[in-house]
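Let's walk through this protein together, from the whole chain down to a single side chain. Keep the structure open beside you as you read.

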Amino acid sequence: MNRVLLAAMAGALFAATPAFAADDGGFYVGASIGQFGVDESGFSESDTSFKLFGGWMYNQFVGGAVEYIDGGTVGDNNFGIDSTGINASLKGNFPISEQFDVFGKVGYYFWDADIDLTGDSGQEGNESGSDLSWGLGAGYNFTDNISIVAEWQWFQIEEADADFMSASFVWKF
């Protein structure tokens, strides 16, 4: 009985080895377009924005990315923020099937914001800093090299909450 159980376990282990060996790692690059929104003290506006990114997946589950994000100019008649930044993050990926996966990421956002108080005061300023970022998303793989991704990212810019909802085209090497 023990030999049969041991043989079954060994057979299952050897049968599963090719699935574990397929690492699906490698470099990727992409571009996104979406809406970048800022919320702070009654101010809530958004603008069309974009990002360019590149990364490396260590295997099909763990990777990292660096992104350049242009948040556009978010504002109204009295207040405006023009923000850009570099986001560096670690990515955890969970493949649902060969074509579909979901992921989460956490990182740090190094931002620069031009602030314009165009109302009565006419004050302008420039702030920069770095804060925590995180995001959630899902991707669909058309081929081994081409994917589309829907993603939501959250950032802190000074006291304001910012988020970026985007659609991306990804090219994997």
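A residue counts as buried here when its relative accessible area is under 20%. By that cut-off, 34% of the 173 residues in the protein are buried. What you are looking at is a predicted model, so it helps to know that pLDDT is the predictor's confidence in each residue, on a scale from 0 to 100. The mean pLDDT of the protein is 84, and 83% of its residues reach 70 or more.

Start with the overall layout. The protein has one helix and eight strands, and following the sequence you meet them in the order α-β-β-β-β-β-β-β-β. Of the contacts between residues at least 6 apart in sequence, 55% join residues at least 24 apart. As for the outside, the accessible surface comes to about 10200 Å², with 63% of it belonging to carbon and sulfur atoms.

Confidence varies along the chain. Among the elements, helix 1 (residues 2-21) has the lowest mean pLDDT, 47, while strand 8 (residues 160-172) has the highest, 94. Within that helix, look at residues 12-21: pLDDT stays under 50 there, and the model has one contact beyond four places in sequence for this stretch. Where pLDDT is low, the predicted coordinates should not be read in detail.

Now turn to the strands, beginning with strand 6. Strand 5 (residues 100-117) and strand 6 (residues 123-141) pair in the antiparallel sense over 18 bridges. To find this pairing on screen, look for F100, which stands opposite Y140 in strand 6. Strand 6 also pairs with strand 7 (residues 146-157), again in the antiparallel sense, over nine bridges. Here L136 is a handy marker, as it stands opposite W152 in strand 7. Strands 6 and 7 form a hairpin, with four residues between them.

Finally, zoom in on one residue of strand 5, F110. Is F110 buried, partly exposed or exposed? Its relative accessible area is 44%, so F110 is partly exposed. Which residues does F110 touch, leaving aside those up to four places away in sequence? They are T84, G85, I86, G129 and S130. For one more distance to check in your viewer, pick the C-alpha atoms of F110 and I69: these residues are 41 apart along the chain, and the two atoms are separated by 10.0 Å.

Note on methods: Residues numbered from 1 in each chain as written. Predicted model: local features only at pLDDT ≥ 70, side-chain atom pairs only at ≥ 80, totals over all residues. Heavy atoms only, no water. Pairing = 2+ DSSP bridges. Helix = DSSP H or I, 4+ residues; strand = E, 2+ residues; numbered from the N terminus. Buried < 20%, exposed > 50% of the residue type's maximum accessible area, 1.4 Å probe, protein only. Contact = heavy atoms within 4.5 Å. Areas by Shrake-Rupley, 256 points an atom, 1.4 Å probe, with all protein chains shown as cover.
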